[in-house]
Amino acid sequence: MPAPLKQTARRTLLVTSATLASLALTAPVSLAAPTPTPTASPSAPVSGSPTAKASASASPSATPPGKMSSLGGARLGQAGTQVQLAGGAPVLPKDLTARSWIVADAQSGEVLAAHNAHWRLPPASTMKMLFADTLLPKFPRTTQYKVQPKDLEGLGAGSSLVGIKEGETYSAHDLWLGVFLRSGNDAVHVLSSMNGGVAETVKQMNEHAEELQALDTSVVSPDGYDAPHQVSSAYDLTLIARSGLQKKDFREYCSTLTAKFPGATTKNKKGRTVRETFEIQNTNRLLTGDYDISQYQGIAGVKNGNTTNAGATFTGVAERAGRVLLVTVMNPEKDGHNEVYKETAALFDWGFQAAGKVTPVGELVPPKGAAQASAQPGANSGEDGEAGGAGNVSEKPVAGAVAGNGSGGIGIAMAITGAVLVLLAGAAFLVNRRWPLPDLVRRRR
């Protein structure tokens, strides 16, 4: 039996009674998302360099390396498509062109199918998931910060921006909306300044990636901008998304469609000082829809990216009939508008149809701390919140996913029902291999 499965069995024996006593899942509410008005919208803003670099960050070879990590299962280290169909299982979608992709059960961690899962590729703005998972617990939403000129230094040419102004004050809540909805590199740099600077933030992100066992990941720039040796993999991005989705704020931000963002401070006709606002929209096209693609039924985030070297990248989470799937797609070769979303949607459709009809080809491994703490006495903890940061794990359904300052549209958020999560003492990682993600609660404003 592979080592990860042996560890899983030991952990399961230790926590079965506690887990069975604590799980109280409620049925998800399923409301159809509204059909978006067709518009000839441009594609999501590019967050990287407009020109390729003659360096280690240049577009990778179209051929996967001969040797890749086998973390999570031997088949995940093999090149090409890995799937084991049982009777009645649908075949995989045709015309998948992504260099790498993965379909996984977000709750059990089972990998239903994968293609070059551990191929280390430029991640683009999907790297912001790791940025958020690392920094979100550090700042209460109401934290205020006045932007200094130095905070916006070092932004790469062609970066996607939310429109932060020097000398203006923003809340941490505002900044996170800028990160998740507009993929704003300027918001990432301001939050990094609040965290001790870009170098310190990169260091913490790499440490957190190692804790999550996202060992294909190397962070150079916290915003995902193309940089030499900055890489991740479909497997790692899925691990990172799974970790982030345990956090209430992460779920709310990645599922918010539109929000009001603070603009410049001006004086009105009466001479009074006022702060302008403008609307920002999530660039995740499976969440918002576009003129050539509809909102995906059951979608609830997570993050998209697009740079010269990375191409289009995307990790999404969706729920149907109580099953939650994670899909990551990296760099489709087909040069079509919204192609990364179309291939993701096809894999979601397949995953929901194939669940229970395929033999998993691997698993999403737990963080290092989960395996260590599960073997210690008193590992089960009922504490709400996260070690070293503001409480971020909810025990009650979120009342709504509407952002502050008058956000519009619908909000789709994931809410943790009472006593669903079994927390480790002093950490936010679950003892059991099974991470019961919260039910998806669909709301319309």
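**Salt bridges, aromatic rings and helix 5**

User: Glu-252 first: buried or exposed?

Analyst: Glu-252 is buried, with a relative accessible area of 6%. Please keep in mind throughout that this is a predicted model.

User: Okay, and which side chain does Glu-252 meet in a salt bridge?

Analyst: Its partner is Arg-141, and the N to O distance in this salt bridge is 3.3 Å. Glu-252 belongs to helix 7 (residues 248-255), while Arg-141 sits in the loop between helix 2 (128-135) and strand 4 (144-146), so the pair ties together parts that are 111 residues apart in sequence. Arg-141 counts as partly exposed, at 30% relative accessibility.

User: What network are those two part of?

Analyst: Glu-252 and Arg-141 are linked with Lys-248 and Asp-249 in a network of salt bridges.

User: How many salt bridges turn up in the whole structure?

Analyst: The search of the whole structure finds twelve. One of them joins Arg-323 and Asp-105, where the closest N and O atoms are 3.0 Å apart. Arg-323 lies in strand 10 (residues 323-332) and Asp-105 in strand 2 (residues 98-105), so this salt bridge ties together parts that are 218 residues apart in sequence.

User: And how accessible is each partner there, Arg-323 and Asp-105?

Analyst: Arg-323 counts as partly exposed at 31% relative accessibility, whereas Asp-105 is buried, with a relative accessible area of 5%.

User: Switching to aromatics, how many pairs are there?

Analyst: There are nine aromatic pairs in the structure. Among them, Phe-180 and Tyr-253 are stacked, with 5.8 Å from centre to centre and 20° between the planes. That pair links distant parts of the chain, since Phe-180 is in helix 3 (residues 172-182) and Tyr-253 is in helix 7, 73 residues apart.

User: Are those two rings buried or exposed?

Analyst: Phe-180 is buried, with a relative accessible area of 2%, and Tyr-253 counts as buried too, at 0% relative accessibility.

User: Which residues make up the aromatic cluster around them?

Analyst: Phe-180 and Tyr-253 form one aromatic cluster together with Phe-131, Trp-176 and Phe-250.

User: What sits over the ring of Tyr-170?

Analyst: The charged end of Arg-275 does, 4.9 Å from the centre of that ring.

User: Now helix 5: how many residues does it have, and how far does it reach?

Analyst: Helix 5 has 14 residues and reaches 20 Å from its first C-alpha to its last, which is close to the 20 Å expected at 1.5 Å a residue.

User: Which of its residues are buried?

Analyst: In helix 5 the buried residues are Thr-201, Val-202, Gln-204, Met-205, His-208 and Ala-209. Viewed down the axis of helix 5, the buried residues fall within an arc of 165°, so they line one face of the helix.

User: What covers that face?

Analyst: The cover over the buried residues of helix 5 includes helix 2, helix 4 (185-194) and helix 6 (234-244).

User: And which side chains in helix 5 meet in a salt bridge?

Analyst: Lys-203 and Glu-207 meet in one, at 2.9 Å from N to O. Both lie in helix 5 (residues 198-211), four residues apart, or about one turn of the helix. An α-helix has 3.6 residues a turn, so residues three or four places apart point the same way. Lys-203 counts as partly exposed at 44% relative accessibility, and Glu-207 is partly exposed with a relative accessible area of 42%.

User: What follows helix 5?

Analyst: Gln-213 follows helix 5, and the phi of Gln-213 is positive, near 65°.

Terms used: Residues numbered from 1 in each chain as written. Predicted model: local features only at pLDDT ≥ 70, side-chain atom pairs only at ≥ 80, totals over all residues. Heavy atoms only, no water. Salt bridge = Lys/Arg side-chain N within 4 Å of Asp/Glu carboxyl O. Helix = DSSP H or I, 4+ residues; strand = E, 2+ residues; numbered from the N terminus. Buried < 20%, exposed > 50% of the residue type's maximum accessible area, 1.4 Å probe, protein only. Phe/Tyr/Trp six-rings, centres within 6.5 Å; stacked < 30°, edge-to-face > 60°. Lys NZ or Arg CZ within 6 Å of the ring centre and 35° of its normal. Expected span 1.5 Å × (residues − 1). Arc of directions from axis to C-beta. Contact = heavy atoms within 4.5 Å.
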